[in-house]
Each structure stands twice: as C-alpha cells, then as structure tokens.
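Let's take a walk through this model, going from a sheet to the helix beside it and then out to the loops. Keep the viewer open as you read.

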Amino acid sequence: MFPIRDHNPSGRTPYVTYALIAINIVVFLYSFGLDGRGLNQFYSDYAMFPARISQGQDLQGLFTSMFLHGGFMHLAGNMLFLWIFGDNLEDDMGHVPFTLFYLAGGIGAGLAQVISEPMGTIPTVGASGAIAAVMGGYLLLYPRAKVDILLILIIFFRIFTIPAWVMLGLWFALQLVNGVNVDPETGGVAYWAHAGGFVIGFAMALPLWRRKGGTEYWSKTEGHPPHPEAKYRLSRSNVPTVGRNKSNVPRIGRRR
C-alpha cells in the first residue's frame, strides 16, 4: 500500500520541490556510474555515520547524506513522497522558507538517528528524513486532504481515497513500531530518522499553522485544503488517471 497522489493542487509552481527531486536523481546517476571502490569511497565521504557524528567528526554527513540513495527503488519511493506532499508546503511557506524547512528537517532527522544509536557504524543515506518532516507539516496543515492509495494484494490492484491523517498517521505509527523492534546493529531502514523527522516537521510547521488561525483554521476548512480539491476522472478500469499535481536495495547501510 502506498500513495500515488493527493487531491490538493498547489497554487504556484513548486520550483524547490522540482529542484530537490532533480538533485537527488543527478547524484544517484553519478553514484550509479562508479565502480565498487569508488562507490565505497563515495559513501564513506558523504554518508552519515552516527559514531562519527557523536565524536564531532564528519558533520557534513548530516547534510550530504540527504542526497544519497542505496538503489533505484529507494530513490523512487522517496521522490514519490516528496512529489506528492512537497508542493503544498512550498506553496504555503514560499520557496526560500520551504528550502530551509526541508534542510532543517533532514538534519534534525539525522540527529534523531544518531541519538537512537550514538555509536552506530552503519552508514545512513536517503532523503526520507527530510521528506518525513514535510509529511509532518502536511499532516498539521491539511489533515483531511484526500490521498489516493494504491493497494496491491498479489494480483489485486485497487485505488482507494483516504484522508491524509489516516495515511500519515499509520505511516508514523509504523516507524515507531519498527524503530522499537528492529535491531539497531543491522542494516536496513533508519526508522528513528523517519519518526524524528516527522515530529520535527510537525513542530516547525506550528508557527505557520498559528498564523493561519490554528484551531480556527481547522474549523474553517474542516481540515481540508483551503481551496477546491482536484478531481480525477476514472477510466473504464476504475483506475484514476494521473493529473499534473500530483526496496530490494543494496545493503550499503541504513536508508531514510
């Protein structure tokens, strides 16, 4: 089950969201062309290593690791989430504030992962800590925005529309459950970076939410976006057509 789009069109072109997607793709294509030794050195230089951060070393990894990915599906999943949820926050915040929000969320998510395993030596890469911050902000501002979810059960494919608070709430709960139960010494997903980024994004969006009126804003919009929602035409197969707006991954380390 994963989201394919929301019904929340943005009012301006999301240049920063597009640029972030492009940068992540370019960096991945560059790393894809490296040989084994070059790739190992690339991740050693630019991934985030919790133990190094705890010792005050290689702090740039908190920033550079946001633009590294462990494989195509890792990249594609992260960019899909950024594409769906990033444009609306950029629309409300403005291009420069959204850029700062995204980068601060990513760095904060990295620090959350460091706190969870301060002596960890497994490299952490991926944009999903920053994207989790975007999702946290989205939940605060548009809790009842409609999100289309593709459900795949073996040979059964069906698209369902659910409120954003359901989809994002379940996603956040899953990160907490997995974070508690997964062995921090193994590779895989950096669940605490996800959970931390989500909470940080929610908190950083509070000033904007308050400027909009806080609970009065929720009452006025009933949790929906403050503009008409996008409508999608259904095809004969009952699969909505995609509108304008809206991992077998190599074991190089943790992904976020």
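A good place to drop in is a pair of residues that are both hidden from solvent: Arg 5 is buried, and Asp 148 is buried too. Keep in mind that you're looking at a predicted model. These two form a salt bridge, with the closest N and O atoms 2.7 Å apart. Since Arg 5 sits in strand β1 and Asp 148 in strand β3, the contact ties together parts of the chain that are 143 residues apart in sequence. The pair also shows up in the strand pairing, where Arg 5 stands opposite Asp 148 in β3.

That brings us to the sheet itself. Strands pair through backbone hydrogen bonds, and they can do it either parallel or antiparallel. Here, three strands make an open sheet in the order β1-β3-β4, and the pairing is antiparallel. The edges belong to β1 and β4, each of which has a single partner strand, so one side of each is left without a neighbour in the sheet. If you look at how the strands sit relative to one another, neighbours are turned by 30° on average, direction ignored.

Now for the two seams. β1 and β3 are joined by four bridges in the antiparallel sense. Besides the Arg 5 pairing, Asp 6 has Val 147 in β3 as its bridge partner. On the other seam, β3 and β4 run antiparallel and are joined by eight bridges; one of the pairings puts Ile 149 with Phe 160 in β4. β3 and β4 form a hairpin with two residues between the strands, and in that hairpin Ile 154 takes a positive phi near 60°.

What packs on this sheet? Helix α8 does, touching β1, β3 and β4, and its direction makes about 105° with that of β4. The helix covers residues 164-181, and a quick sanity check on its geometry works out: at 1.5 Å a residue, its 18 residues should span 26 Å, and its end C-alpha atoms are indeed 26 Å apart.

Which residues of α8 are buried? They are Ala 164, Met 167, Leu 168, Trp 171, Phe 172, Gln 175, Asn 178 and Gly 179. Because they cover an arc of only 130° around the axis, they end up on the same side of α8. Turn to the other side of α8 and you'll find Leu 170, Val 180 and Asn 181 exposed. The cover over the buried residues includes the three strands β1 (2-6), β3 (146-153) and β4 (156-163), along with helices α5 (72-93), α7 (128-141) and α9 (191-211).

Two of those elements, α5 and β3, lead on to further salt bridges. The structure holds five in total, among them one between Arg 12 and Asp 91, with the closest N and O atoms 3.3 Å apart. Arg 12 is in the loop between β1 and α1 (15-32) while Asp 91 is in helix α5, so this pair ties together parts 79 residues apart in sequence. Arg 12 is partly exposed at 36% relative accessible area, whereas Asp 91, at 17%, counts as buried.

Another one of the five joins Lys 146 to Glu 229, where the closest N and O atoms are 3.7 Å apart. It links distant parts of the chain, with Lys 146 in strand β3 and Glu 229 in the loop between α10 (215-221) and β6 (254-255), 83 residues apart. Lys 146 is partly exposed, with a relative accessible area of 33%; Glu 229 counts as buried at 18%.

Let's finish with some backbone oddities. Most residues other than glycine have a negative phi, so the exceptions deserve a look. Asp 58 has a positive phi of about 50° although it isn't a glycine. You'll find Asp 58 in the loop between α3 (50-54) and α4 (61-64), partly exposed with a relative accessible area of 33%. Glu 222 is also not a glycine, yet its phi is positive at about 55°. Glu 222 lies in the loop between α10 and β6, and at 52% relative accessibility it counts as exposed.

Terms used. Residues numbered from 1 in each chain as written. Predicted model: local features only at pLDDT ≥ 70, side-chain atom pairs only at ≥ 80, totals over all residues. Heavy atoms only, no water. Expected span 1.5 Å × (residues − 1). Buried < 20%, exposed > 50% of the residue type's maximum accessible area, 1.4 Å probe, protein only. Arc of directions from axis to C-beta. Contact = heavy atoms within 4.5 Å. Pairing = 2+ DSSP bridges. Axes fitted to C-alpha atoms, helices over the stretch in contact; angles between N-to-C directions. Salt bridge = Lys/Arg side-chain N within 4 Å of Asp/Glu carboxyl O.
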